[in-house]
Amino acid sequence: TLGGGGFAADARRVRGPRSRLDPGGQRAPDPRSRAIAAQGSYLALELGVQRIVFVGTANSCGYGNRQSPGDETRPYNSAHYGLGYMDTKREAQELVLKMVKERGLPAAVVNPTFMFGPYAAKTGATLMIDNILHGKLAGYTPGGRNYVAVKDVCVGIANALERATPGSCYLLGNQNMNYREVFNLIAEVLK
């Protein structure tokens, strides 16, 4: 752990970047977000950390479709959306990978897809489930995404700590579903 008191105590002490809503309604990253990966990487080198797993997002990988799914080797193709979260996560990932090559940072990257699990904030999956539960979902768009249980992501992170090759990226996902399929599955589970 980071200090005495176990994981829960450490989690309360560690503060990450926060987001704010910009006037256009988009979630904009805190300006400190871009510096966190750099500071953490330099500190890890200075302290002689033996292994690092940088938790990014699948949004940092190039997307695909059902016939040709996205993977870790596809170039980032989401910059045109102008979403700070995706752009800064990709920038941080690129910085970590650059430090692996140039300075020998012992780091690998995991890129989880859309996660479902307990103790989530009222955003993402939790908001989706809540909207379906309360009949607030008016419809859905074409397309879909990959979904994974947060517990599986935790196992993937632990495995990466022991087995990942420094400089490698690993998608942590499970099932590709279109929005209709996932909304129907959630509705069925909620019955």
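Two residues are in contact here when they have heavy atoms within 4.5 Å. Keep that in mind as you look around this predicted model.

## A proline in a loop

Let us begin with Pro75, which sits in the loop between strand E3 and helix H3 (84-103). Setting aside residues up to four places away in sequence, Pro75 touches Cys61 and Gly62. Pro75 can also be compared with Tyr63: the two are 12 residues apart along the chain, and their C-alpha atoms lie 8.6 Å apart in space.

Is Pro75 buried or exposed? Its relative accessibility is 63%, and exposed means over 50%, so Pro75 counts as exposed.

## The parallel sheet

Next, find strand E3 itself. It belongs to an open sheet of 3 strands, ordered E3-E4-E7, in which the pairing is parallel. Strand E3 (52-55) and strand E7 (169-172) are at the edges; each has a single partner strand, so one side of each has no neighbour in the sheet. On average, neighbouring strands here are turned by 25 degrees against each other, ignoring direction.

As a general point, the strands of a sheet pair through backbone hydrogen bonds, in either a parallel or an antiparallel way. In this sheet, 4 bridges link E3 with strand E4 (residues 107-112) in the parallel sense. To see where the two strands face each other, look for Ile52, which stands opposite Ala107 in E4.

## The mixed sheet

Another open sheet of 3 strands follows the order E5-E6-E8, and its pairing is mixed. Its edges are strand E5 (114-116) and strand E8 (175-178), each with a single partner strand, so one side of each is left without a neighbour in the sheet. Neighbouring strands in this sheet are turned by 40 degrees against each other on average, direction ignored.

Which way do strand E6 (residues 144-149) and E8 run? They run antiparallel and are joined by 4 bridges. Within this pairing, Tyr147 has Gln175 in E8 as its bridge partner.

## A helix across both sheets

Helix H5 (residues 150-163) is worth tracing with your finger. It lies across E3, E4 and E7, running at about 150 degrees to E3. Helix H5 also lies across E5 and E6, where it runs at about 75 degrees to E6.

## A nonpolar patch on the surface

Finally, turn to the surface. Leu43, Leu47 and Val49 make a nonpolar patch there of about 270 Å². Leu43 is part of helix H2 (residues 33-47). With 45% relative accessibility, Leu43 counts as partly exposed, because that class spans the values between under 20% (buried) and over 50% (exposed).

Terms used:
Residues numbered from 1 in each chain as written. Predicted model: local features only at pLDDT ≥ 70, side-chain atom pairs only at ≥ 80, totals over all residues. Heavy atoms only, no water. Pairing = 2+ DSSP bridges. Axes fitted to C-alpha atoms, helices over the stretch in contact; angles between N-to-C directions. Patch = residues over 30% accessible without salt bridge, like charges linked within 9 Å, V, L, I, M, F, W, Y side chains within 5 Å. Areas by Shrake-Rupley, 256 points an atom, 1.4 Å probe, with all protein chains shown as cover. Salt bridge = Lys/Arg side-chain N within 4 Å of Asp/Glu carboxyl O. Buried < 20%, exposed > 50% of the residue type's maximum accessible area, 1.4 Å probe, protein only.
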